[in-house]
Amino acid sequence: LYGKEIELPLAPGSFRDEGLAFVHQDLALVPDLTVVENLSIDRLAQPENPLRISWKQARREARETFGRYGLSIDPSADVGDLRPVERALLAIVRAAEGLRKSTEVAGHPGLLVLDEPTVFLPANSTEQLAALMRRITESGASVIFVSHDLTEVLEFTDRMTVLRDGRRVGTVEKTETDERGLIKMIIGRQAPVAVAGHSRAVSREPVSVSVDDLLTGLLEPLSFDVHRGEVLGVTGLAGSGYDDVLYALFGAQQADSGTMELAGVEHDLKKMTPIRATAAGIGLIPADRQHAGSVGTLTLEENVTIRLLGEQSSPFMLPRRRLRREAQRLLTEFEVRPADPQLPYAALSGGNQQKVLMAKWLALDPSLLLLDEPTQGVDVGAREQIFKLIREVAAGGAPIVCASSDYEQLAILCDRVLVFGSGRIVAELVGEEVNRDGIAERCYASLAGSGAPDVTVA
């Protein structure tokens with residue numbers, strides 16, 4: 001590092017002395033603490049004067065720190081109340097400040113490592129992070145940016161190293177390649193041009209799901225249908241309410257009112273719960289798979305078969321052998337790597353974690369599948385496999401609702417897209433209108449004001 005050989009692994013905490021700083025994918029923030037407390041976490045762990053900390057001074061220093069990076073974040077706010085992009089900015093600023101202080105000891109500008117800092121952010125919220133990274137590199141420090149998002153890699157970085165199956169494939173300068181070239185390095189072959197997996201004709205299939213007057217704290221009363229075998233996309237800018245739809249339908253978020261007719265049965269959405277949703281044949285794969293969709297410390301077997309436990313005849317004795325066989329079958333069928341049922345879920349890559357969740361729900365043959373950012377934080381190879389799985393589910397007749405801020409993903413997957421603005425459906429895109437630029441244009445057009453008309457959805 002800057003000419004000095006450093007033996008790995010580093011001793012815990014010694015990275016600071018070497019001029020290193022890290023921001024991990026989960027950001028390592030404490031949501032119940034304030035911004036200034038999170039920013040001062042090292043000081044709390046080893047305070048110079050453990051009997052007295054001047055929080056007034058700490059808040060003033062925090063405001064000065066954010067000012068240096070061109071940010072405006074309230075030092076007194078609870079981190080749990082911040083927007084996702086603000087939490088990511090806070091984690092990066094904390095690391096950058098630690099780097100700035102450690103360089104005096106290390107004697108060089110330092111190295112900041114960012115591990116997927118944008119993975120849980122809407123696509124339109126990353127520009128602030130890009131500006132922050134530019135400020136850090138302009139100070140003389142170097143940055144390693146780990147990401148599956150090739151658009152961000154090409155935009156944010158100067159040079160790229162590709163890994164495949166744990167091995168280095170190669171390193172290229174930004175000027176030497178493009179997205180298709182990177183994809184070829186990542187998956188080992190030339191990727192096909194991304195096209196829709198269906199004809200985009202208006203569905204003539206019967207309606208499978210009918211939602212009427214769904215109302216939540218952010219959503220105004222809205223109604224829409226989903227046809228048999230249709231992939232319906234829902235999208236919008238951050239705060240538009242589109243991502244609340246899935247969780248209200250599944251009962252993971254309380255609806256104030258509304259009904260849903262599914263397979264000929266009417267459900268009161270105000271009384272919907274995840275248990276009732278699962279019993280009705282509804283499956284949900286949330287955007288935050290690590291905290292809301294799985295248990296990282298449990299094994300792959302336990303995660304992939306957890307939904308089958310309710311089918312057991314005895315609550316006192318689990319048929320371990322049968323569950324293990326079923327887990328092995330699902331892991332093999334869904335091409336999870338490594339397909340070892342006894343591995344902890346948290347040990348897998350993002351793409352393989354997502355395939356485990358797909359296997360868990362698809363094993364139940366859902367009557368309605370709800371997907372929130374289904375390829376978030378996965379590599380292009382896994383993305384291709386997940387697209388294939390989604391198309392196969394739709395081809396089998398199941399209706400699918402997919403919420404995403406990735407307009408290209410929606411254009412590839414969806415037959416129809418509903419665009420939200422201020423808690424309402426402001427546009428319905430069908431046929432040739434379902435393309436990346438068209439979706440993006442309608443999303444940003446929703447900023448024109450609340451005067452946009454409501455859309456009656458077929």
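**How the labels are earned: sheets, helices and cores**

Biologist: What joins strand E12 (residues 368–372) to strand E13 (residues 400–403), and do they run parallel or antiparallel?

Modeller: There are 4 bridges between E12 and E13, and the two run parallel. Two strands pair if DSSP finds at least two bridges between them, so with 4 bridges E12 and E13 are a pair. In that pair, Leu371 has Cys402 of E13 as its bridge partner. One caution: this is a predicted model, where local features need pLDDT of at least 70 and side-chain atom pairs count only at pLDDT 80 or more, while totals for chains, interfaces and linings use all residues. Residues are numbered from 1 along each chain as its sequence is written, and side-chain values use heavy atoms, with hydrogens and water left out.

Biologist: And where do the names H and E come from?

Modeller: Helices (H or I, at least four residues) and strands (E, at least two) are DSSP runs, numbered from the N terminus.

Biologist: Which strands stand at the edges of the sheet that runs E11-E12-E13-E8-E14-E15?

Modeller: That open sheet of 6 strands has mixed pairing. Strand E11 (282–285) and strand E15 (424–430) each have a single partner strand, so one side of each has no neighbour in the sheet, and that makes them the edges. Neighbouring strands here are turned by 20 degrees against each other on average, direction ignored.

Biologist: What lies across this sheet?

Modeller: H14 lies across strand E8 (231–236), E12 and E13, at about 150 degrees to E13. Helix H16 (residues 436–445) lies across E8, strand E14 (416–421) and E15, at about 160 degrees to E15. Those angles run from 0 to 180 degrees between N-to-C directions, using axes that are lines fitted to C-alpha atoms, for helices over the stretch in contact. Contact itself means heavy atoms within 4.5 Å.

Biologist: What makes E9 and E10 a hairpin?

Modeller: Strand E9 (residues 257–262) and strand E10 (residues 265–268) run antiparallel and are joined by 4 bridges. Just 2 residues sit between the two strands, and Ala263 in the turn has a positive phi of about 55 degrees. Within the pair, Thr259 stands opposite Asp268 in E10.

Biologist: How do you know that H12 has the span of a regular helix?

Modeller: The expected span is 1.5 Å times one less than the number of residues. For the 14 residues of H12 (residues 320–333) that comes to 20 Å, and the end C-alpha atoms are 20 Å apart, which agrees.

Biologist: Which residues of H12 are called buried, and what puts them on one side?

Modeller: Buried means under 20% relative accessible area, exposed over 50%, and partly exposed in between (1.4 Å probe, protein chains only). In H12 the buried ones are Leu323, Ala327, Leu330 and Leu331. They cover an arc of only 95 degrees around the axis, which places them on the same side of H12. The arc is taken over the directions from the helix axis to the C-beta atoms. On the face turned away, Arg321, Arg325 and Thr332 are exposed. Helix H11 (300–305) and helix H13 (350–362) are among what covers the buried side.

Biologist: Why do the buried residues of H5 count as lining one face?

Modeller: Helix H5 (residues 127–138) buries Leu129, Ala130, Leu132, Met133 and Ile136. Seen down the axis, they fall within an arc of 160 degrees, so they line one face of H5. Against them pack H4, E2, E3 and helix H6 (150–156).

Biologist: Why is Arg59 called partly exposed?

Modeller: Its relative accessible area is 29%, which is neither under 20% nor over 50%, so Arg59 falls in between. Arg59 lies in helix H3 (residues 55–68). Not counting residues up to four places away in sequence, Arg59 touches Val36, Pro75 and Ser76.

Biologist: What makes a set of residues a nonpolar core?

Modeller: The members are buried Ala, Val, Leu, Ile, Met, Phe, Trp, Tyr and Cys residues, joined through side-chain atoms within 4.5 Å. The largest such core has 79 residues, and Leu214 and Ile282 touch the most other members. Helix H14 (residues 380–395) gives the most to this core, with 7 residues. Apart from it lies another core of 48 residues, including Val35, Ala96, Val162 and Ile187.
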